[in-house]
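Student: I am new to this structure and would like a close look at a single part of it. Please choose one element and explain how it sits among its neighbours, giving the meaning of each term as it comes up.

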Amino acid sequence: MHIIIGIIGIVIFLGLALLASSDKKNVRWQYIGILLVMQLVFAFFLLKTTIGIKIVGGIAAGFGYILKQAAVGVDFVFGGLANEGAMSFFLSVLLPIIFISALIGILQYIKVLPVIINVLGFLISKINGMGRLESYNAVASAILGQSEVFISLKKQLPYIPKHRLYTLTASAMSTVSASIIGAYFTLVDPQYVVTAVVLNLFGGFIIASIINPYKVDEKDDKLLISEDKKQQSFFEMLGEYILDGFKVAVIVGAMLVGYIALIALLNGLVGGFFSLVSGGAIKWDFQTLIGFIFAPLAFLTGIPWSDAVDAGSIMATKLLSNEFVAMTELGNVKGLSDRAMGIVSVFLVSFANFSSIGIISGAIKSLNDEKGDMVARFGLKLLFGATLVSFISATIAGFFI
């Protein structure tokens, strides 16, 4: 039954994307069909096959080892701040981002990542019906991050037209950065994190191809693709990536403090209101209310109706705040079925939230003022598309959970 509901859900999510399409007549459904099949194949491989599960286990073990090494540095600087046996979110989850960021910088410096990004971008461009620039950007976003990736396109930004800029930013918002995947592994099952990263890569092209269909001239594509040749010494690069990792950790920490406190305030106000008007009979709070709104959408992903309100509440929390807040809430919810837990976990692994509009537009504006303003103007449409990507990825994963 959940498969039938999931199929209906995918049709509805694609239909919502079509409603927002800028050119409904020129949507190339053949490519969308191919990308959906690719999502199904990868979801089955990662969630159901022995080899896929072992690969995910290997990735998780690799990140686990990296996080153990990161903990050595964290303990040296901050050891003793946390009570023995207690878990500090900032020390255990966020600060290891610094070490992972440094490793990414090293791989970038020795030209390993550029080769991987270019090869994968080229291969993906052969199946998605889009240009190499879009495919390169999608892969690069999943490694470098939603704001950092545009630094690699600094020289090309002035020449990128609006329709292609939408696809580039949609890919950035739909994926997550490799530097924080390790942090996700400490909060949700690594199997769902890896699955979501792969599915979102293809899902971003599916939704962008519907909302923003166009054809790319190969000559223009080749002219736009080039690398930034800025030369840095090894230690200049290492220092830059270490500081970037620290900035990410501090910014995420600050956002968590603000958003979790704000949600607690709203829960208290809304809960107090309902308790007052009902004489204590109704125990609803803010997250319960947004859970009711998102419950039908959660149900369409294949989540049982009995879990839909709780699941919808977490999904909405992620949209209104960020994925870390929602993942923390997911860990605190009691009684969710394994299916609901898996589907919600896949949904949460992306940067699709309101704050990302400001992050992406601000990053681009710092590189090119005109293009930054352009992104800000289609920001809500960008978030709408990226959220649909999360729903489709979660629904596809739900077929095999």
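Tutor: A residue is called buried when its relative accessible area is under 20%, exposed when it is over 50%, and partly exposed in between, with a 1.4 Å probe and protein chains only. This is a predicted model, in which local features need pLDDT of at least 70 and side-chain atom pairs count only at pLDDT 80 or more, while totals for chains, interfaces and linings use all residues. Residues are numbered from 1 along each chain as its sequence is written, and side-chain values use heavy atoms, with hydrogens and water left out.

The part I choose is α9, one of the helices (DSSP runs of H or I, at least four residues, numbered from the N terminus). Eight of the eight residues of α9 are buried, so this helix is largely enclosed by the rest of the structure. Following the chain, these buried residues are Ala178, Ser179, Ile180, Ile181, Gly182, Ala183, Tyr184 and Phe185.

One of the neighbours is α5, and the axes of α5 and α9 (lines fitted to C-alpha atoms over the stretch in contact, with angles from 0 to 180 degrees between N-to-C directions) come within 8 Å and cross at roughly 145 degrees. On the side of α5 the contact (heavy atoms within 4.5 Å) is made by Ile97, Ile100, Ser101 and Ile104, and on the side of α9 by Ala178, Ser179, Ile180 and Gly182. Sorted by class, this contact of α5 with α9 has five nonpolar residues, three polar ones and no charged ones, where Ala, Val, Leu, Ile, Met, Phe, Trp, Tyr, Cys and Pro count as nonpolar, Asp, Glu, Lys and Arg as charged, and the others, Gly among them, as polar.

Ser101 deserves a closer look within that contact: its place is in helix α5, and Ser101 is buried, with a relative accessible area of 7%. Apart from neighbours within four places in sequence, Ser101 is in contact with Ser179, which belongs to the buried residues of α9, and also with Tyr241, Asp244 and Gly245.

The last of the listed buried residues of α9, Phe185, leads us to another helix, α3, where Ala60 is found. Not counting residues up to four places away in sequence, Ala60 touches Phe185 and Pro190. Ala60 itself is partly exposed, with a relative accessible area of 22%.

Helix α9 also takes part in the lining of the second largest pocket (an open set of points on a 1 Å grid over the protein atoms alone, with protein on both sides within 12 Å along at least five of seven lines; lining residues have an atom within 4 Å of a point). The volume of this pocket, the space filled by probe spheres set on points joined across faces, edges and corners, is about 810 Å³. Its lining holds 28 residues, and the closest to the centre are Leu120, Ala142, Ile143, Ile181 and Val197, so that Ile181 brings us back to α9, where that residue is buried. The elements that give two or more residues to this lining are α2 (29–48), α3 (50–78), α5 (96–109), α6 (112–128), α7 (132–144), α9 (178–185) and α10 (190–211). By class, the lining divides into 27 nonpolar residues, one polar residue and no charged residues.

To set beside α9, take helix α17 (residues 354–367), in which Ser355, Ser356, Ile357, Ile360, Ser361, Ala363 and Ile364 are buried. These buried residues of α17 pack against α8 (162–174), α12 (234–278), α18 (369–377) and α19 (379–398).

Conventions:
1 Å grid on protein atoms, 1.4 Å probe; cavity = no way out; pocket = protein on both sides within 12 Å on 5 of 7 lines; lining within 4 Å.
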